[in-house]
Amino acid sequence: MNRLEVSKITCIVDVRLSARIEAEADRMGLKATYSERGKQIALKARPSWQPFGRRFRMVDSPADLIRLYVPRSYELAAMARLASAADLFLPGRGSLFAEDVVLVGPPSPLWDEATLCADPLPTWATAIRLELAPYDLVFCIVPRGHGRDLALAMLEMGLGVPIVGYGEGMGLRDQLGLLRITIPQDKELLRFLAPPGDSDFVVDVAVRKGDL
């Protein structure tokens, strides 16, 4: 079985910016790009003329989660090129992060070597300032519609901005209890990036708030 050590870059961008990311991936010679529809969540201050209720309200906007793979030696340059293509250094436009992964399976071309390395690393790596800091990725799966309280708790405590996608459960949806309540098939996939020192606390909050 073939094993390939690569960097997986995940871009979370407003749907109107997805075309820029995909176009830059094409220019870099990347042959495998995966896109998932989701949403970005944020807190917005209520107008001053609304004296009652929470000070902030939660708002969301459609987003695409775009995943692509590059050689680990090209990770920094690829992230800089993608961030520059979609102006991700501007607030509210999106973000991106990278993970070291191992792909297992039959060999398949993920990029064109000549096109990918056409631009030297220093040119793109110094073109934009990247926050190079380690984070832990906390991944939660909850029934659809149940992720709101969890996302709100994370935002209000400043623990991280949730990235929300959607999925479908494939397990047995047994009927539970005397009321025969069926486990919902539709799921929400919540991802939180947390500093390593805070990740255990984030998991604890997620377990309690999400009834996990």
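So, quick question to start: is Arg 67 buried, partly exposed or exposed? It counts as partly exposed, because its relative accessibility is 25%, and buried would need under 20%. Keep Arg 67 in mind, we'll come back to it. One thing up front: what you're looking at is a predicted model.

Okay, the sheet. Seven strands make an open sheet, and the order goes β4-β1-β3-β2-β6-β9-β5, with antiparallel pairing. At the edges you've got β4, residues 94–104, and β5, residues 136–143, each of which pairs on one side only. On average, neighbouring strands in this sheet are turned by 30° against each other, ignoring direction.

Let's go to the β4 end. Strand β1, residues 3–14, runs antiparallel to β4, and 11 bridges join the two. If you want a spot to click on, Lys 8 sits opposite Glu 99 in β4.

Now the helices. Helix α1, residues 18–27, lies across β1, β2 and β3, and it runs at about 10° to β3. Then there's helix α6, residues 199–209, which packs on the sheet and touches β5 and β9. The direction of α6 makes about 5° with that of β5.

On to the charges. There are 11 salt bridges in the structure, and I'll show you a few.

Staying with α1: Arg 27 and Glu 24 form a salt bridge, 2.7 Å from N to O. Both residues lie in that helix, three residues apart, so about one turn. Glu 24 counts as buried, because its relative accessibility is 6%.

Back to Arg 67, as promised. Its salt-bridge partner is Glu 36, with the closest N and O atoms 3.2 Å apart. That pair links distant parts of the chain, since Arg 67 is in strand β3 and Glu 36 is in strand β2, 31 residues apart. And Glu 36? Buried, with a relative accessible area of 15%.

Last one: Arg 72 and Asp 100, where the side chains meet at 3.8 Å, N to O. Arg 72 is in the loop between β3 and α2, and Asp 100 is in strand β4, so this pair ties together parts that are 28 residues apart in sequence. Arg 72 is partly exposed at 34% relative accessible area, while Asp 100 counts as exposed at 53%. There's a third player here as well: salt bridges with shared partners join Glu 5, Arg 72 and Asp 100 into one network.

That's what I've got, happy to spin the model around.

Methods: Residues are numbered from 1 along each chain as its sequence is written. This is a predicted model: local features need pLDDT of at least 70, side-chain atom pairs count only at pLDDT 80 or more; totals for chains, interfaces and linings use all residues. Side-chain values use heavy atoms; hydrogens and water are left out. Two strands pair if DSSP finds at least two bridges between them. Helices (H or I, at least four residues) and strands (E, at least two) are DSSP runs, numbered from the N terminus. Axes are lines fitted to C-alpha atoms, for helices over the stretch in contact, and angles run from 0 to 180 degrees between N-to-C directions. Contact means heavy atoms within 4.5 Å. A salt bridge is a side-chain nitrogen of Lys or Arg within 4 Å of a carboxyl oxygen of Asp or Glu. Buried means under 20% relative accessible area, exposed over 50%, partly exposed in between (1.4 Å probe, protein chains only).
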